[in-house]
Structures are given as C-alpha cells and as structure tokens.
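This briefing covers the fold of one chain, two acidic residues within it, and the protein surfaces that face the two DNA strands. The sequence and model come first.

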There are 2 protein chains.
Amino acid sequence: MGPIEQQRTDTDEGPGATKPRIVDAALETLRSHGFAGASARQIARAGAFNQALIFYHFGSVRNLLLAALDTVSARRMAAYGPVFERAQTISELAFLAREIYAEDLQNGYVTVLGEMVAGGVSDPELGREVASRLQPWMEMVERKLGVLVSGSLLEPLIPARDVAFAIVALYLGIDLLSQLDGDHARAESLLDLGVRYAPLAGTLLVARQAPGR
Amino acid sequence: MGPIEQQRTDTDEGPGATKPRIVDAALETLRSHGFAGASARQIARAGAFNQALIFYHFGSVRNLLLAALDTVSARRMAAYGPVFERAQTISELAFLAREIYAEDLQNGYVTVLGEMVAGGVSDPELGREVASRLQPWMEMVERKLGVLVSGSLLEPLIPARDVAFAIVALYLGIDLLSQLDGDHARAESLLDLGVRYAPLAGTLLVARQAPGR
DNA sequence: GTCTATACTTGGATAGAC
DNA sequence: GTCTATCCAAGTATAGAC
C-alpha cells in the first residue's frame, strides 16, 4: 500500500502504456476485420495511434499479431485456468464451457484465435508459432480428460489426446461458423445441449473399477 | 457418338477453357496461400495466365473466390452426395466421413472452405455469401440425422439441427487445426475413433419405438 | 518514444492495343 | 478473349526530426 504501485517506469504495462494499447488495437482489428484485414494501418486507425509505432515496438505486424495472441492466451488462462482445474465432473465442465463461450464471444477471443489459425496458411512460419501457442490449451484439456476418465471403466476406450483435439477443433469451428452469419443462437443451443446431457455422460463415468490393482 | 462432343463454343467449360482454369488456380492459391494470400496477382501466377483475365471473366477477386467455392461445392456434392444419401447406418456414415476427409485432404476442399469462412470476417458481404453456400451442406447432414434417429427412442433427445451444426463445425475445425502444423495424424486418429465407436451409437438407435402410434 | 515524411512493394481494377 | 501498360490505393518498413 502506498504510492509504490505507481512507481512504474512506463516502459512496462500500465493503463496508458503504449505497447498494451497497440496490442489491444490489434486484437480489436483481428476480431472485426479478420487476419486479412489486420494491416498496420488498419490497426493504427483502430487504436488512434501512429502506424510507425507498431514497427518501433514490435518490429513487424506479424510479431504484433503474435503478441496479441499471447495476450489473449494469458488473459484466458488467468480467467478460466483456475476454475477449469477445479472442475471435477463432466457436468461442471459442460457448464463451464458454456459460460466461457459466452465470455469469449463478448471479447472475441476465439475469433482472434480462429483468424490466426486461418492466417497460418498464408504464412507458414506464423502457422508454426500459432500452433505452439495452441498446444498448452490442448494439453490442459487432455490432462483434465485423463483425470476424469481415470479409474472409470471407459478409461481404456477413450484416448484423451484425440478427444481433446476434437474438443478444441469443435470450439474453434463453432465460433468461426457463428461469426460467419452473426448467428450465435445455434452455438448457444448446442452448448445448452451439452449441459443437458453432460450428467448422462457423467453417469457412465461413475462406473469405476475397483481401486488398487 | 462422333465429333459432336467437340462442338463446344470455348465459352463453356472444357479442358482448356479459361474460366475453369482461373477457378482452379484460385482454388490452388486459397489452399496454399490462404484467403489473405489469394490476391489476383498471386492467383494469376499460380495459373500462369494474365492477371487482367480475372477481372474480365469474374469482375473482381471476390467474385472469383466465390465461384471457386461454388465449384468446390458442386464437385463435392457430385462425388459424395449420392453415397451419403444412400448410407443408412451410423457405421456407414462414420466410415464415409473418414473416407471423405482423406479425399478432402488431398484436394484441399475443406481448407478452401475454412479460409473462405475466416475471410468472411474480413468482408461481411463475402461472409454472407459463404454462409448461404454452406447451408445446403448443413441441411443435408440434418436431414440424414433426422432419418437415422427417426423412430428411435432417442429421437426426442437429439435435436438434428444442433448436431448437424456441431458436425460441420467439428469437420471444419479439424481441418484448420491439422492444416496449422501439417499434422493430419491426429485428425485421422480421431476419425478412426469415430469409425470404431459408431457401431455402439448405432446400437443405441436400434432401440425403436413401436411403429405406428 | 512519438511523429512526419518517404521509399518501395503489392494489390485491385481499367483502358486500349492486338 | 487476351495482353500490355498504367492508375491509384494500400501495404510494410525505415529515416530522421522532434
């Protein structure tokens, strides 16, 4: 407590610091104009700052977009990570998925991710970077699936890796398609469906093997 | 039979006709350079023709890309439509899905679609066009689901519309993610999983209500 | 750190010769 | 229908004044 908090150098992040402002403008642009429309000029326009700043602070547009993706990743991890790790049933997870989707929709996190994934085709090096940033999320889902299924009779039947891949792919696909026609009702309806039937899936997992050998 | 077949005007499609050549170049470019890289010049380079031809024949790059999407749609419908309609069990469908994915992978159909979907964010009008071209496919899946589930005890539990949406989204997401790191093994593994467990899902559907009220 | 100015490249699109 | 030439807008990036 005290004014120590304000003793920031202004080169670090802070409310009015430039780098985060640029990153936010990049996110907003990716969201509203897509990867193809995320040019330095467009981003600068969105954030009302000088276009040259992007190159001063990030070196290139691509670096900025990756930094933006990192920011998204960090924010989501901070916001959802702990809750996700705490969830212990399929029902809780389905509920959480629906909640997270609604939030992601608000701030366009998944759209940004989808555009970057699509942009990876245009620029293979970018693609590799995006892929590596996606991996922790896939692993997080995979770990959780492993824990959930562990000890259940279904354990040998469900390869956590494949299912995790499918979940992430589905999440991405849902957002892209919803974005396409601005109709998020189908996505919500689908997530409701998930919440409704998750308890059923949970029941199947309850049938456990005798613990210990 | 006779030389009548060759009496084409050269304004229609034919082996060496220009319009289809341009369309094919556009598809190839979308596939390899993505939506963001599908410029008139790049497409012309890919097809080794003059860039001005695009505007003569299609008016704009966007029109060309939509024409390319139409071509993909028509080809896929011709190739898979009949087989799909004929399929009558979940197992057959899962098997078909795996087969179709392999083919799509070869010629990049889904990648093209994914890039166009992502491009829809950059250009809302394009987005609407893409969406309307996607709808027949979604409806086709929905109809098939309806038929499969019809009469089963699960019928009131499974909204065909939502599940169709999920299937298309999943298919799109799988391709985009696989494209990202050039690793299609995960996708194949996932589709194998589908084939393996489809019979199980089929069994659940076998439990039928007594027909006729 | 930020701004102006600028160099250079690529992209969409059209005019006009062939 | 096709090609060359060209216009102009937009893009990345840098230099240099402030």
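Chain A contains nine helices and zero strands, where helices (H or I, at least four residues) and strands (E, at least two) are DSSP runs numbered from the N terminus. This is a predicted model, in which local features need pLDDT of at least 70 and side-chain atom pairs count only at pLDDT 80 or more, while totals for chains, interfaces and linings use all residues; side-chain values use heavy atoms, without hydrogens and water. Residues are numbered from 1 along each chain as its sequence is written, with chains lettered from A and ligands numbered from 1 in the order in which they are written.

**Fold of chain A**
- The order of elements from the N terminus is α-α-α-α-α-α-α-α-α.
- Of the 213 residues of chain A, 45% are buried (under 20% relative accessible area; exposed is over 50% and partly exposed in between, with a 1.4 Å probe and protein chains only).
- Among contacts (heavy atoms within 4.5 Å) in chain A with a separation of 6 or more, 68% join residues 24 or more positions apart.

**Buried acidic residues**
- A:Glu115 sits in helix 6 (residues 109–122) of chain A.
- A:Glu115 is buried without a salt bridge, and A:Arg31, the nearest side chain of opposite charge, is 11 Å away.
- A salt bridge here is a side-chain nitrogen of Lys or Arg within 4 Å of a carboxyl oxygen of Asp or Glu; Lys and Arg count as positive, Asp and Glu as negative, and His and the chain ends are not counted.
- A polar atom of the A:Glu115 side chain is 2.8 Å from the backbone nitrogen of A:Phe35.
- Beyond four places in sequence, the contacts of A:Glu115 include A:Leu30, A:Leu176, B:Ala118 and B:Val121.
- A:Asp175 belongs to helix 8 (residues 160–181) of chain A.
- A:Asp175 is also buried with no salt bridge, its nearest side chain of opposite charge being A:Arg31 at 8.8 Å.
- The side chains of A:Asp175 and A:Thr111 make a polar contact at 2.9 Å (a pair of N or O atoms within 3.5 Å; within protein, one must be able to donate a hydrogen and the other to accept it, and residues adjacent in sequence count only if both atoms are side-chain atoms).

**Surface near DNA strand C**
- Of the 16 residues around strand C, A:Thr18, A:Asn50, A:His57, B:Ala40 and B:Arg41 come nearest; near means a heavy atom within 4 Å.
- Helix 3 of chain A gives the most to this surface, with four residues.
- A phosphate oxygen of strand C is 2.7 Å from a side-chain N or O atom of A:His57, and another contact to a phosphate oxygen, at 2.6 Å, involves a backbone N or O atom of B:Ala40.
- A polar side-chain atom of B:Gln51 is 3.0 Å from a base nitrogen of strand C.

**Surface near DNA strand D**
- A:Ala40, A:Arg41, B:Thr18, B:Asn50 and B:His57 come nearest among the 15 residues around strand D.
- Helix 3 of chain B gives the most to this surface, with four residues.
- Of the strand D atoms within 4 Å of the protein, 59% belong to sugar or phosphate and the rest to bases.
- Polar side-chain atoms of B:Tyr56 and B:His57 lie 2.9 Å and 2.6 Å from a phosphate oxygen of strand D, respectively.
- For A:Gln51, a polar side-chain atom is 3.1 Å from a base nitrogen of strand D.
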